[in-house]
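Had a look through this one for you. Have the structure open while you read, and see whether you agree with the points.

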Amino acid sequence: MCVYFLVPPKITVLPKREDQLTLSSVKNHTLICNGSGDPHPNITWTKAGVPESQFNASGYVLHLVNVKREDAGSYICT
């Protein structure tokens with residue numbers, strides 16, 4: 001007989017709120033959002049004010065490459 005325990009998903013590492021960028025300071029940037037649970041949760045990234053059809057990424061790490069002015073905004077991990 002097998003007994004399975006399911007653990008609800010939760011975010012364990014949030015992106016740092018003070019993680020602000022200036023165009024002169026960085027070309028690439030990485031945001032990290034980690035989670036735990038059983039089964040292991042899927043992490044999805046969205047950008048505030050942008051439809052999911054235009055910005056939707058998945059995974060624990062979001063790489064912003066060649067940061068431009070239009071990349072400014074709030075990124076949300078779920």
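My notes follow as numbered points, on a model that is predicted.

1. Start with the cysteines. The count comes to 1 disulfide, and the pair in question is cysteine 33 and cysteine 77, with an S to S distance of 2.0 Å. This link is right-handed, with 65° about the S-S bond. It ties together distant parts of the chain: cysteine 33 sits in the loop between β2 (29–32) and β3 (34–38), while cysteine 77 belongs to strand β7 (residues 75–77), 44 residues apart.

2. Are the two ends of that bridge buried or exposed? Cysteine 33 has a relative accessible area of 0%, so it counts as buried. Cysteine 77 comes out at 13% and is buried too, because the cut-off for buried is under 20%.

3. Strand β7 also turns up in a sheet. This one is open, has 3 strands in the order β5-β4-β7, and is paired antiparallel. β5 (57–58) and β7 are the edge strands: each has a single partner strand, so one side of each lacks a neighbour in the sheet.

4. For the β4 to β5 pairing, look for 2 bridges between β5 and strand β4 (residues 44–47), running antiparallel. In one of these strands, β5, serine 58 is the bridge partner of threonine 44.

5. Last, the surface. Val13, Ile32 and Val61 make a nonpolar patch of about 220 Å². Of this trio, I'd check valine 61, which lies in strand β6 (residues 61–64). Its relative accessibility is 35%, so valine 61 counts as partly exposed.

Methods. Residues numbered from 1 in each chain as written. Predicted model: local features only at pLDDT ≥ 70, side-chain atom pairs only at ≥ 80, totals over all residues. Heavy atoms only, no water. Disulfide = S-S within 2.5 Å. Helix = DSSP H or I, 4+ residues; strand = E, 2+ residues; numbered from the N terminus. Buried < 20%, exposed > 50% of the residue type's maximum accessible area, 1.4 Å probe, protein only. Patch = residues over 30% accessible without salt bridge, like charges linked within 9 Å, V, L, I, M, F, W, Y side chains within 5 Å. Areas by Shrake-Rupley, 256 points an atom, 1.4 Å probe, with all protein chains shown as cover. Salt bridge = Lys/Arg side-chain N within 4 Å of Asp/Glu carboxyl O. Pairing = 2+ DSSP bridges.
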